[in-house]
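Reader: Please show me the model. I would like each label tested against its definition.

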Amino acid sequence: MGILVAIEGLDGAGKRTIVGRIHDAATARGARTTTFTFPRYGESITADLASEALHGEHGDLPDSVYGMAVMFALDRAAAGPALQAACGDHDLVLCDRYVASNAAYSAARLGEPIGASPVVDWVTGLEFGRFRLPTPDHQLLLGVPPEVAMTRASGRAATDADRPVDHYERDADLQSAVYRAYSDLAATGWMSPWSHAADDAAVAAVIDLLR
Ligand SMILES: Nc1ncnc2c1ncn2[C@@H]1O[C@H](COP(=O)(O)OP(=O)(O)OP(=O)(O)O)[C@@H](O)[C@H]1O
Ligand SMILES: Cc1cn([C@H]2C[C@H](O)[C@@H](COP(=O)(O)O)O2)c(=O)[nH]c1=O
């Protein structure tokens, strides 16, 4: 059975970039490695509806914290069997965003503190309980602060017409609150041990798990 490692962080933090580096480093060490990216845009109707909502469609759906979280959770639920299978025949399964994204963004949007957050308890029960998603063996919070992540996200939007900033990415207060929520999830070891690191240290934190 391989290990499931979730990579978490803000919009534009560089998760995709770091996941690629971890994937390459693990593969070079001979570890059978695969990556899932959530939301699964283009593969999952609920992921696409959530994205459209974050770009101004579907009426008041984006205003609903629980509604948005259900869309993201249903996307992961549909990938559950593939995730379980991947853990069976790989040494390392990487998730670029996983259930902690729903916990951090939902708690931040509602202003609920980690440790006493009804929405985090609800996400936990829905996704790990009802949907039986596998619990991560480790979670990495990519330690890139909001100011840096927002600059990267807007830089990417300026050069890639397919990636305009969305409702969450435009909101500096939300990004700061999400970073605090993630930091508290990591500090309290929510659902697994966590690392909180950036750049080479982030890659090393995951590769060290393979030793
Ligand atoms: N270490 C880095 N230094 C500078 N720029 C970076 C770094 N890592 C990534 N970037 C750039 O920042 C932007 C966002 O990176 P990336 O797409 O990997 O982030 P992400 O966290 O996956 O974003 P999102 O969650 O919004 O999809 C990209 O333009 C990328 O080239
Ligand atoms: C998977 C997931 C994502 N979100 C949030 C995080 C982002 O702001 C958007 C879209 O994700 P992307 O990585 O920028 O494409 O949705 C969330 O709140 N809950 C989730 O489970």
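Author: Helices here are DSSP runs of H or I with at least four residues, strands are E runs of at least two, and both are numbered from the N terminus. Helix 1 (15–28) and helix 6 (146–159) each supply at least two residues of the shell around ligand 1. This is a predicted model, in which local features need pLDDT of at least 70, side-chain atom pairs count only at pLDDT 80 or more, and totals for chains, interfaces and linings use all residues. Residues are numbered from 1 along each chain as its sequence is written, chains are lettered from A and ligands numbered from 1 in the order in which they are written, and side-chain values use heavy atoms, with hydrogens and water left out.

Reader: What makes a residue part of the shell around ligand 1?

Author: One of its heavy atoms must lie within 4 Å of the ligand. For ligand 1, 14 residues surround it, and the closest are G14, K15, R16, T17 and R156. Helix 1 gives the largest share, three residues.

Reader: How is the shell around ligand 1 divided by residue class?

Author: There are two nonpolar, three polar and nine charged residues. Asp, Glu, Lys and Arg count as charged; Ala, Val, Leu, Ile, Met, Phe, Trp, Tyr, Cys and Pro as nonpolar; the others, Gly among them, as polar.

Reader: What makes the approach of R163 to ligand 1 a polar contact?

Author: A polar contact is a pair of N or O atoms within 3.5 Å; within protein, one must be able to donate a hydrogen and the other to accept it, and residues adjacent in sequence count only if both atoms are side-chain atoms. An N or O atom in the side chain of R163 is 3.0 Å from an oxygen atom of ligand 1. R152 places a polar side-chain atom 3.2 Å from a nitrogen atom of ligand 1. G14 uses its backbone: an N or O atom there lies 2.9 Å from a ligand 1 oxygen. The protein covers 68% of the 640 Å² of accessible area that ligand 1 has on its own. Such areas come from the Shrake-Rupley method with a 1.4 Å probe; for residues, only the protein chains shown count as cover.

Reader: Which residues come nearest to ligand 2, and how much of its area is buried?

Author: Of the 13 residues around ligand 2, the nearest are D11, Y41, R76, R97 and N102. A polar side-chain atom of Y41 lies 2.7 Å from a ligand 2 oxygen. R76 has a polar side-chain atom 2.7 Å from an oxygen of ligand 2. In R97, a side-chain N or O atom is 2.7 Å from a ligand 2 oxygen. Taken alone, ligand 2 exposes 470 Å², and the protein buries 93% of that.

Reader: Why is there no disulfide between C87 and C95?

Author: A disulfide is a pair of cysteine sulfur atoms within 2.5 Å. The sulfur of C87 is 7.6 Å from the closest cysteine sulfur, in C95, so the two are too far apart for a bond. The structure holds zero disulfides.

Reader: Why is C95 called buried?

Author: Buried means under 20% relative accessible area, exposed over 50%, and partly exposed in between (1.4 Å probe, protein chains only). C95 has 0%, so C95 is buried. C87, at 4%, is buried too.

Reader: How do you know that Y105 and Y168 are stacked?

Author: Rings of Phe, Tyr and Trp (its six-membered ring) pair if their centres lie within 6.5 Å; planes under 30 degrees apart count as stacked, over 60 as edge-to-face and the rest as tilted. The structure holds seven aromatic pairs. Y105 and Y168 are 5.7 Å centre to centre with 25° between the planes, hence stacked. Y105 sits in helix 4 (residues 99–110) and Y168 in the loop between helix 6 and helix 7 (172–187), 63 residues apart. Y105 counts as buried at 6% relative accessibility.

Reader: Why is the pair of Y105 and Y182 called edge-to-face?

Author: The centres are 6.3 Å apart and the planes stand at 90°, so the pair is edge-to-face. This pair links Y105 in helix 4 with Y182 in helix 7, 77 residues apart.

Reader: Why does R132 count as exposed?

Author: Its relative accessibility is 65%, so R132 counts as exposed. R132 is found in the loop between helix 5 (118–130) and strand 4 (138–142). Its phi is near 55°, a positive value in a residue other than glycine.
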